[in-house]
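Q: I should like to learn how to read pockets and backbone angles in a structural model. Where should one begin?

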Amino acid sequence: MASHLLRASARRGAIALAQSQRRGYAEVSDKIKLSLVLPHQARLFRSRRSVQVNIAAATGDMGILANHVPSVEALRPGLIEVVEATGSKKYFASGGFAIVHPNNKLTINAVEAAPLEDFSAEAVRSNLAEALKIVNGNGSEEDKLEARVEADVYEAIQAALGKQ
């Protein structure tokens, strides 16, 4: 009997909490404060008030607006697009984590990242061909695995350049 009352009370509390925390769409005036941090550089992009940030999460591409539910997302090699009222800026990140904080803050910790315009499509094609040659060659298993990771990153850069 006591356990039944406890469960009913907990259920009512959970329903009331869920109703009080219903989320709506972000207001037009709401912005998200972004910090893009690299281990070798304090910040690549600092605390801009962005309308939206699009990331290449491990679970799929994701757009983050103000008032987004707090979360931690692993990043795969891919595009980070920062959309502001005046336009957008694109970066390529090799991987890392995106942390959405509850107070309209987003921190992206990337292993490596650079503005997309810094990449040459021709250099990417050439380096991808070289990496694939090693993957399909007679080298050691370790060399092949390293080259496969390298090829995956070059393929992601190539895809990001194609979205420009």
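**Reading the largest pocket and two loop residues**

A: In this predicted model, the largest pocket holds about 210 Å³ of space. Among the 14 residues lining the largest pocket, Ala56, Asp61, Arg76, Leu79 and Lys163 are the closest to its centre.

Q: How is such empty space found in general?

A: A probe the size of a water molecule is rolled over the atoms, which shows where empty space is left.

Q: Which elements each supply at least two residues of the lining of the largest pocket?

A: Strand 3 (52-57), strand 6 (78-84) and helix 3 (141-162) each do so. Helix 3 provides the largest share, with four residues.

Q: How many nonpolar, polar and charged residues does the lining of the largest pocket have?

A: Seven residues of the lining are nonpolar, two are polar and five are charged.

Q: Turning to the backbone, where is Asn67 found, and what is its phi?

A: Asn67 belongs to the loop that runs between strand 4 (60-65) and strand 5 (71-75). Although Asn67 is not a glycine, its phi is positive, at about 65°.

Q: Which residue in the loop between strand 8 (96-101) and strand 9 (105-110) may be set beside it?

A: Asn104 is found in that loop. Its phi is near 60°, again a positive value in a residue other than glycine.

Q: Is Asn104 buried or exposed, and why?

A: Asn104 counts as buried because its relative accessible area is 18%, and buried means under 20%. Asn67, by contrast, has a relative accessible area of 29% and is therefore partly exposed.

Technical notes. Residues are numbered from 1 along each chain as its sequence is written. This is a predicted model: local features need pLDDT of at least 70, side-chain atom pairs count only at pLDDT 80 or more; totals for chains, interfaces and linings use all residues. Side-chain values use heavy atoms; hydrogens and water are left out. On a 1 Å grid over the protein atoms alone, a cavity is a set of points where a 1.4 Å probe fits but cannot get out, and a pocket is an open set with protein on both sides within 12 Å along at least five of seven lines; lining residues have an atom within 4 Å of a point. Grid points are joined across faces, edges and corners, and a volume is the space filled by probe spheres set on the points. Ala, Val, Leu, Ile, Met, Phe, Trp, Tyr, Cys and Pro count as nonpolar, Asp, Glu, Lys and Arg as charged, and the others, Gly among them, as polar. Buried means under 20% relative accessible area, exposed over 50%, partly exposed in between (1.4 Å probe, protein chains only).
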